[in-house]
Amino acid sequence: MIAEVGHYALILALGVAIVQTVLPLIGTRLRDPQLTAVAVPAAQAEFILIGFAFLALMTAYVTSDFSVANVWQNSHSAKPMLYKISGVWGNHEGSMLLWVLILALFGAAVSTFGKNLPRQLQANVLAVQGSIAVAFLLFIIITSNPFMRIDPAPFDGEGLNPVLQDPALAFHPPFLYVGYVGFSMAFSFAVAALIDGRIDAAWARWVRPWTLAAWMCLTLGIAMGSWWAYYELGWGGFWFWDPVENASFMPWLAGTALLHSALVMEKRDALKVWTILLAIITFSLSLMGTFLVRSGVLTSVHAFAVDPERGVFILAIMGVFIGGALVLFAWRAPLLTQGGLFAPISREGSLVLNNLLLTVACAAVLVGTLYPLALEALTGDKISVGAPFFNLTFVPLIVPLLIAMPFGPLLAWKRGDLLAAAQRLTAAAVVSLAVIIVVLALHQNGPWLAPLGIGIGVWLIVGAATEIAYRVKMFDASGEEVWRRLRNLPRAAYGGALAHAGVGVMVIGLVATSAWREERIVALAPGGSVDIAGYQLTFKGVAPRIGPNYRERVGTFVISRGGSQFTVLHPSKREFTVERSTTTESGIHNGWRGDLYVVLGDQLKDGAFSVRVYFNPLVRLIWIGALVMFFGGAVSLSDRRLRVGAPKRARTKAAMATGGK
Amino acid sequence: MTRKQRRGVLIGTCLVVLGLAVGLVLYAMRDSIVFFYSPSDIAEMQLAPTQRIRLGGLVERGSVERAAGTTIRFVITDGGKTLPVTFTGMLPDLFREGQGVIAEGTVQADGVFHADSVLAKHDENYMPPEVAAKLKTKGMWRGDSEAGGASPQATN
């Protein structure tokens, strides 16, 4: 019963979404306030209906209702409750339902909190959101209905893929989707502005918080996925340049560029046309990510051709929205007036450089991701484009951006003084050079570029601190004055500096673990030991253990250092009986120098086990850096100026004047 | 600086960065792309021992043997030709005889494929797509419809 009600709610939501798309568009054309006003309650109703459908599916999962095909395929009565719930989005149908739920949530947020938006703009935005919802609801109802029944109902389910039964992965898709779908806000605002043929700084002030929120969630989602891959897949790696990863990384790069160009638009009324285009590109990349992951095209171009229904459907959605938006852009963008002249050396200039490098780097990732697909479709040749390609293309494009990063915030708007900025950064440069020299002295045998990489990370962190120090006149004013300035500095300034410093922290982690990782693969009999990075691991043997829905063989490794034992690690091999598959649980010791990472392998002929041991120096900094970036975004989002709406611009300006700028 | 000069600087910078990117991509395309072959393909061509490739097929039943330490030897077959493989390290969880596998490495002068990585996805019904395609052309495809388990794409 609950499944049918959910299905019905979904169909009703489709109807409401159609109303939400059509009536407000007519209303804004005819200047009919009543038709225009339909958008607000329609968006709220759509959210309630999709939310209801989602809860219905979740109920079916929680109560293990195996007469619902989707539940039967992806759940099992013995599965822990957390994974029964996360199983809702651990499969194709459920994850698409989550996708539209988040879309509807954003729409409802605009209709509820957007009371101070111009009516016309709000209605157009909601109409565009509604049209995206129509497309994806049709997709779900026609090709991916999660409420399909099977008769007779099986006795028990087939279980969820065991590698997905993990806390980090339970929350990875929701964050990723909030990121992906959050960029639909920027897209809808862009298209609405194009429909109106009018755009101003207030537009950017509205788009930026939504983009920022989406960007934060995407950052966290990608970091969670990478963290999961690191400890769950047993390879000790954190990023594989896999097409699925690239699919989430490309919107992130474009979204980061969008955040920065929206800043120029908000503050200086410049780069309007580019910002609109970037908003369209960012959401297009999100749609492409959905297409790549959901169509089966990544498994093989042929798999896509064999079961074309879903793939072609999403491809059509992509074509309509991207093509439609670009045509609208080509037609209407010339109407948008350009404003705000600036010199090449200025804050605007530095943000243009940021956008240029980010979008070009994003394009390089796009080429590497799509080239194998294109080649296979055209010639039938199968190739793999892996890490070497991206290291050769992405890294050289992103390093200049990292080096230039601390300069940007120190340049004035309109016309900046590069020399003065360089002088302020002297301290940062000296500290970075000192660190490079120390690292070179400590690691003479490693790759010679690595110390420079560490130096860049330090440069970013100290550079971010320099910006704050400069803005509060840390060394030029009295203590009282500095304190006053510290308190009055807008939170967005702290947030930006924090996010930039987070990038530096991440760079240090990436460089250190890539350059100085140690690895041993040995055959160990119980009692045997292996040395790595100053640690001694002694293998004590393997014991069986029973988990809630798996059996495992747990190895015991005593770790000692300098002769004294200080911890015990338990890597294991889990056999999931229902799903008939095996997973590797690595044993990880987190020390301040880095992670000691132990994986238990197969038993060899002579009774020994193959054991893989890694030492990953400073690897945690990668995810700590991502967290710092997330919090930087959160601090910036909490800035009062971002929450103040368009009609209150006068007060905003007053607030800015006293804001110690 | 006039408006024209400003525009010139902007366009110039864009062109420089784009040119750099195109150059990097073309250079990387030449050197860091790995082609995928089956044992039959390899039998027909002369590969230099320095050329890295991906080799795909099924692990021949009864062929897996452990040598000293963690070195493993096995044979990859595509139904037609076979190729012996040697690999030192730890095999993925789902490496099994009779299952699809992809190995990356080089063919040495002795005719043995020296793999430095072996891939098998975390799904027991999963067949590397390249392997499935090759097997289909060889008529050895058994179909993947027995258990309607989660597709490998369900991870995201």
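Angles between helix axes under 35 degrees count as roughly parallel, over 145 as roughly antiparallel, 65 to 115 as roughly perpendicular and the rest as oblique. The structure is a predicted model, in which local features need pLDDT of at least 70, side-chain atom pairs count only at pLDDT 80 or more, and totals for chains, interfaces and linings use all residues. Residues are numbered from 1 along each chain as its sequence is written.

A good place to start is the pair H9(A) and H10(A). Helix H9 (residues 201-232) of chain A and helix H10 (residues 243-268) of chain A have axes that come within 9 Å and cross at roughly 150 degrees; the two are therefore roughly antiparallel. Helices here are DSSP runs (H or I, at least four residues), numbered from the N terminus. The crossing of H9(A) and H10(A) is left-handed. Their contact (heavy atoms within 4.5 Å) includes Trp203(A), Leu212(A) and Trp215(A) of H9(A) and Phe249(A), Trp252(A) and Leu259(A) of H10(A). By class, 15 nonpolar, 5 polar and 3 charged residues take part.

A second pair can be read in a similar way. The axes of helix H18 (residues 449-471) and helix H20 (residues 491-516), both of chain A, come within 8 Å and cross at roughly 165 degrees, and H18(A) and H20(A) are therefore roughly antiparallel to each other. The contact of H18(A) with H20(A) divides into 20 nonpolar, 4 polar and 2 charged residues.

Finally, helix H7 (residues 119-143) of chain A is mostly covered, with 20 of its 25 residues buried (under 20% relative accessible area, with a 1.4 Å probe and protein chains only).

Terms used
Chains lettered and ligands numbered in written order. Heavy atoms only, no water. Axes fitted to C-alpha atoms, helices over the stretch in contact; angles between N-to-C directions. Nonpolar A, V, L, I, M, F, W, Y, C, P; charged D, E, K, R; others polar. Left-handed = near helix turned anticlockwise from the far one by under 90°. Buried < 20%, exposed > 50% of the residue type's maximum accessible area, 1.4 Å probe, protein only.
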